[in-house]
Amino acid sequence: MTFSIYGVSRSGKDYLIQKLKEFFEAKGLSLLHITGSTTLNEMAESRYSKRFKFLTDDEKNSLRIAFIEYIHKAEEANPFIVVDGHCAFYDTKGKLVSV
């Protein structure tokens, strides 16, 4: 099971994730924390030699797909994952909109 937590800076994401980790650990389970923005920036630097925000829309979409594949791969070894950071969703016309 993968949880996604997003919000603006200083909104309490890390606090909530820490509490989730404590809850899981109390039950004898582990929770992998993937930092979305950091991971996307690392992937962007590796693939395009620039930070995610400076990529073209096509490059960003390509990395978003790669990021989802990265999470699916992580799920093979970690039954519980939480991903935080900035997220984007498709609107009713199929356009990506940042949240």
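These legends accompany a set of close-up views of a predicted model.

Residues are numbered from 1 along each chain as its sequence is written. In this predicted model, local features need pLDDT of at least 70, side-chain atom pairs count only at pLDDT 80 or more, and totals for chains, interfaces and linings use all residues, while side-chain values use heavy atoms, with hydrogens and water left out.

**View 1. The whole chain holds three helices and five strands.**
Helices (H or I, at least four residues) and strands (E, at least two) are DSSP runs, numbered from the N terminus. Walking along the sequence, you meet them in the pattern β-α-β-α-α-β-β-β. The chain has 99 residues, of which 27% count as buried; buried means under 20% relative accessible area, exposed over 50%, and partly exposed in between (1.4 Å probe, protein chains only). About 7,000 Å² of the chain is exposed, with carbon and sulfur atoms supplying 55% of it; accessible areas come from the Shrake-Rupley method with a 1.4 Å probe, and for residues only the protein chains shown count as cover. Take the contacts (heavy atoms within 4.5 Å) between residues at least 6 apart in sequence: 53% of them join residues at least 24 apart.

**View 2. Three strands form an open sheet in the order S1-S3-S2.**
The pairing is parallel, and two strands count as paired if DSSP finds at least two bridges between them. Strands S1 (2-6) and S2 (32-35) are at the edges with a single partner strand each, so one side of each has no neighbour in the sheet. From one strand to the next, the twist averages 20°; axes here are lines fitted to C-alpha atoms, for helices over the stretch in contact, and angles run from 0 to 180 degrees between N-to-C directions. As a general reminder, strands of a sheet pair through backbone hydrogen bonds, either parallel or antiparallel.

**View 3. Strand S3 (residues 81-85) is joined to S2 by four bridges and to S1 by five.**
On the S2 side, look for Leu32 with its bridge partner Ile81 and His33 with its partner Val82. On the S1 side, Tyr6 stands opposite Gly85. Five of the five residues of S3 are buried, so the strand is largely enclosed by the rest of the structure. Both of its faces are covered, with Ile81, Val83 and Gly85 on one side and Val82 and Asp84 on the other.

**View 4. Helices H1 and H2 lie across strands of the sheet.**
H1 (residues 13-26) crosses S1, S2 and S3, running at about 155° to S1. H2 (residues 36-48) crosses S2 and S3, at about 60° to S2. The 13 residues of H2 should span 18 Å at 1.5 Å a residue, and its end C-alpha atoms are 17 Å apart, which agrees; the expected span is 1.5 Å times one less than the number of residues. Gly36, Thr39, Leu40, Asn41, Met43 and Ala44 are the buried residues of H2, and they pack against S2, H3 and S3.

**View 5. Ser49 sits in the loop between H2 and H3.**
Have a look at the backbone here: Ser49 has a positive phi of about 60° although it is not a glycine. With 61% relative accessibility, Ser49 counts as exposed.

**View 6. Helix H3 (residues 57-77) has buried residues on one face.**
The end C-alpha atoms of this 21-residue helix are 31 Å apart, in agreement with the 30 Å expected at 1.5 Å a residue. Its buried residues are Glu59, Lys60, Leu63, Ala66, Phe67, Ile71 and Ala74. Seen down the axis of H3, these fall within an arc of 150°, so they line one face of the helix; the arc is that of the directions from the helix axis to the C-beta atoms. They pack against S1, S2, H2 and S3. On the other side of H3, Asp57, Asp58, Ile65, Glu69, Lys73 and Glu76 are exposed.

**View 7. Ile71 of helix H3 is a buried residue with a relative accessible area of 11%.**
Setting aside residues up to four places away in sequence, Ile71 touches Thr2, Ile34, Ile81 and Val83. Between Ile71 and Val82, eleven residues apart in sequence, the C-alpha to C-alpha distance is 9.7 Å.
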